[in-house]
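User: I should like to learn how to read the features of a structure model, beginning with its confidence. Please take them one at a time.

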Amino acid sequence: LLGSLYLINLGGGPEWDIAWAHGVRLVCLPLLLLLVGFTLGDSRRTLDWAMTSLIVTGCFVALVGLGQQQVGADRLADMGYEFDRQLRTIGDRLRSFGTLDDPFLYATFLLFALAAVVFWMRRGLLAYGIGTLLATGIAVSYVRTAILVVFALAGLALARRGQATIAVLFLGGALLVGFAVFAVASGGSETRQVRSSDGSSYLTINERTTGWKLLFEDRNSLALGKGVGEVGTAAERASFTLTRDDEEDGNVAVDSGYLATVADIGIVGLSLLVLLFTRILILAKQGMQRGLAAGWLAAGFTVIILIDALTRESFTSFPNAFLGFLLVGLALAACAPAPGRERRGRRAT
């Protein structure tokens, strides 16, 4: 249903252009990867290998990020990296980006790896050492939402150990602070020039939520959206062919996966997205109740995607969606009872 809303594009007139095609691709591919995770054979063994690969790769990416701190932004610029693209700073401190495009994607990738360490690895010196390395790598990205995700993962870890009250405090606090960060972002001072969807005028928008007020002035578009590809990642991607010229500003940027969904397919589409994640969490809970690590993994990966989407378009990006949905599908498949056991249980009943 969610994919069909993007295909039909009721809010866009409908209009099926290159921006619409990018919008459909960016949303439907992660959904298909979720289904791939569900259907891969020998799901538990596949999940084991996936977690091993994720942790090893996460360690390498974290080491690259820590190495970048030692090299420094100026020397990295001499190597060919560009400021305001890969190289971003807070004061005189470099925000590490590892092997990825920016510090936000870098932090998300390491968070996925950290979730694998917390919920899949056995406790011991190796697990604590890798967890410390990943946490240090996340710290030098200076991404605010990463701190919230770490608190949420800590809450899930406490819940797994039976400390429900403290876990609720951790998870509730992370959600409250997350929404506060999202609200405060609307008062940010950073501005930039962007091209509107018709390509003929320019808007100066405040960094996040204030810009969205301009996009949702027409309340009639809230139900079905403004149309797939009118704003956001798909519109920005359609503004160039293979490479972007330095002078190209791109289309209106998006800083929330939830608001991006409303812009594309409206409140109706956002409701379907919420139902999808609710179903995922229900399946993860069933795995938790059976004492399966895969259930906790699925919940951890989902929490990372949901919190990160507060301030980024996480449902259409790598690694947030393209890796995250595949991992969630794998973990949920590993939670499912073996078909033989299920049939024997029914016969016994």
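**Confidence, core and backbone**

Analyst: Over residues 186–210 the pLDDT (the predictor's confidence in each residue, from 0 to 100) stays under 50, and the model has 49 contacts beyond four places in sequence for this stretch; a contact means heavy atoms within 4.5 Å. Over residues 341–349 the pLDDT is also below 50, with one contact in the model beyond near neighbours in sequence. This is a predicted model, in which local features need pLDDT of at least 70 and side-chain atom pairs count only at pLDDT 80 or more, while totals for chains, interfaces and linings use all residues. Residues are numbered from 1 along each chain as its sequence is written, and side-chain values use heavy atoms, with hydrogens and water left out.

User: Where in the chain is confidence lowest, and where is it highest?

Analyst: Strand β4 (residues 202–206) is lowest, at a mean of 33, and helix α6 (residues 125–139) is highest, at 96. Helices (H or I, at least four residues) and strands (E, at least two) are DSSP runs, numbered from the N terminus. For the chain, the mean pLDDT is 80, and 76% of residues reach 70 or more.

User: Which residues touch the most other members of the largest nonpolar core?

Analyst: In soluble globular proteins, nonpolar side chains tend to be buried together. A nonpolar core is a set of buried Ala, Val, Leu, Ile, Met, Phe, Trp, Tyr and Cys residues joined through side-chain atoms within 4.5 Å. Buried means under 20% relative accessible area, exposed over 50%, and partly exposed in between (1.4 Å probe, protein chains only). Here the largest core has 78 residues, and M51, L54, L110, F112, L134 and F301 touch the most other members. Helix α5 (residues 103–120) gives the most to this core, with 14 residues. Leaving aside residues up to four places away in sequence, L134 touches G58, C59, A62, L110, A113, L114 and V117.

User: Is A146 buried or exposed?

Analyst: A146, in helix α7 (residues 144–160), is buried because its relative accessible area is 2%. Beyond four places in sequence, A146 touches A107, L111 and I138.

User: Which backbone features deserve inspection?

Analyst: Most residues other than glycine have a negative phi, and most peptide bonds are trans. In this model, a cis peptide bond joins F318 and P319, with omega about 5°; P319 lies in the loop between α12 (293–308) and α13 (324–335). D42, in the loop between α2 (18–39) and α3 (43–71), has a positive phi near 50°. Y142, located between α6 and α7 in a loop, has a positive phi of about 55°.
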